Amino acid sequence: MLMWDETLFRDPDVFEIDYIPEQFNHRESQMRELAFMVRPGMKGGRPLNTILKGLPGTGKTTTVRKIFSDIEDTTSKMIPVYVNCQIDNTKFAVLSQVYKKITGHNPSAAGNSFKRVFESVAQLISEDEKVIIVALDDANYLVYENELNKLLYILLRSHETYPKTRIGVITIISDMDVDLTTVIDARVSSVFCPTDIYFPPYQEEEVRSILSERVLQGLYPGVLSDALLDIVIGHTLASGDLRVGIDLLKRATLNAEREAERCITGKNISEAYQISKYLHLQFCLKSLKKEEADILRLIATLSETDEQLTMGSLFEALHAKNPIGYTRFYEIIKKLDAIRLVNLAFKEGRGRTRLINLRYEPDKVLSYLK
Ligand SMILES: Nc1ncnc2c1ncn2[C@@H]1O[C@H](COP(=O)(O)OP(=O)(O)OP(=O)(O)O)[C@@H](O)[C@H]1O
Ligand SMILES: [Mg+2]
């Protein structure tokens, strides 16, 4: 029996969602590229703007967090401001984060206009000759309501109104379909001129090395066998998201502890997977535009019946409510397939009927879509 002070974890933090890994391999070129773009700010110049793009769980946020912590350790000239746009999704909310980072407190809610707050930010940074680098994580949340244009306009053209302000922007996008060049106004793009940095999905060997590293750091030797690690890697690759693997390791270990095992069993893993597998679903849903989420909702609703869903029947059902063109419809389905929410297949025999299968239980999808 494992007692209170006995544990299988050497370091449980290693499996936490906000853990910043010390070892961050396979992203050297992206780290180097981003550092290069941001570097002018270290000497008081204006950082070059970037767009970090890649599917969920490919290391974009971690890359920015690591670069930002390096900046903070190295200089006080450049102030990095990290903004989670899922939470702060208006230009005022983003600006408030900038203000808070500089002054240490929120702009007082009473009677503070955007203009006033921006003025004080501009004044503070030009007085102290500071440079600001803002990371807009999950910036697709700013695209709706056109907030992104308004925000970038103000940040990037600030020197026209407040000379000596130097601000650079890192935009992070996990929606591979968002093409910022089509979203951004001409008057913004002339000052934005971003460089794209791409984060490809991890290959099997990369997933193996990253997860093996976590196991080594986080668990005592012998707690997880190689054969079971292979199963964890398989589940991770199936979802395409490293977070599933990391979460699975944590839950399986907790399950083993609860059952007072000295090492993780296959049953511990399969039980943990029943929960961890939905993590990818949750993270993917956040990258969907409303139109795409609506189609996914319809797929889930139609999948609740026994009838096999086909492209044709889905398009018909959709068209009854929303006069969408087939090309756009097909693009959306391909995206849902690419991010592994649905699986497209051809029906055996008769013609080339395409079947759509949801990869998760319809009721789970519907409940997470809420
Ligand atoms: N190269 C790597 N080495 C070690 N751990 C990694 C690596 N890449 C990602 N991770 C881990 O995988 C998880 C997901 O990474 P991260 O949050 O940076 O992805 P993301 O690209 O920002 O995803 P999303 O688009 O969903 O926000 C984190 O827990 C992170 O620690
Ligand atoms: Mg992220």
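How far apart do the C-alpha centres of domain 2 and domain 3 lie? In this predicted model, they lie 30 Å apart. Residues are numbered from 1 along each chain as its sequence is written, and chains are lettered from A and ligands numbered from 1 in the order in which they are written. Local features need pLDDT of at least 70, side-chain atom pairs count only at pLDDT 80 or more, and totals for chains, interfaces and linings use all residues, while side-chain values use heavy atoms and leave out hydrogens and water.

The chain splits into domain 1 (28-199), domain 2 (202-285) and domain 3 (290-369), with bounds taken from an automatic or database domain assignment.

Let us look at where two of these domains meet. Contact, meaning heavy atoms within 4.5 Å, links 11 residues of domain 2 with 10 residues of domain 3. The buried area (the accessible area, with a 1.4 Å probe, that two parts lose on being put together, summed over both) is about 960 Å² here, and carbon and sulfur atoms give 69% of it. Tyr-278, Leu-281 and Leu-285 supply 56% of the area that domain 2 buries against domain 3, more than any other three residues.

Polar links come next. The interface of domain 2 and domain 3 has 0 salt bridges, a salt bridge being a side-chain nitrogen of Lys or Arg within 4 Å of a carboxyl oxygen of Asp or Glu. Between domain 2 and domain 3, 1 residue pair is in polar contact, with both residues at pLDDT 80 or more; such a contact is a pair of N or O atoms within 3.5 Å, where within protein one must be able to donate a hydrogen and the other to accept it, and residues adjacent in sequence count only if both atoms are side-chain atoms.

Finally, ligand 1 has an oxygen atom 2.3 Å from a side-chain N or O atom of Arg-243.
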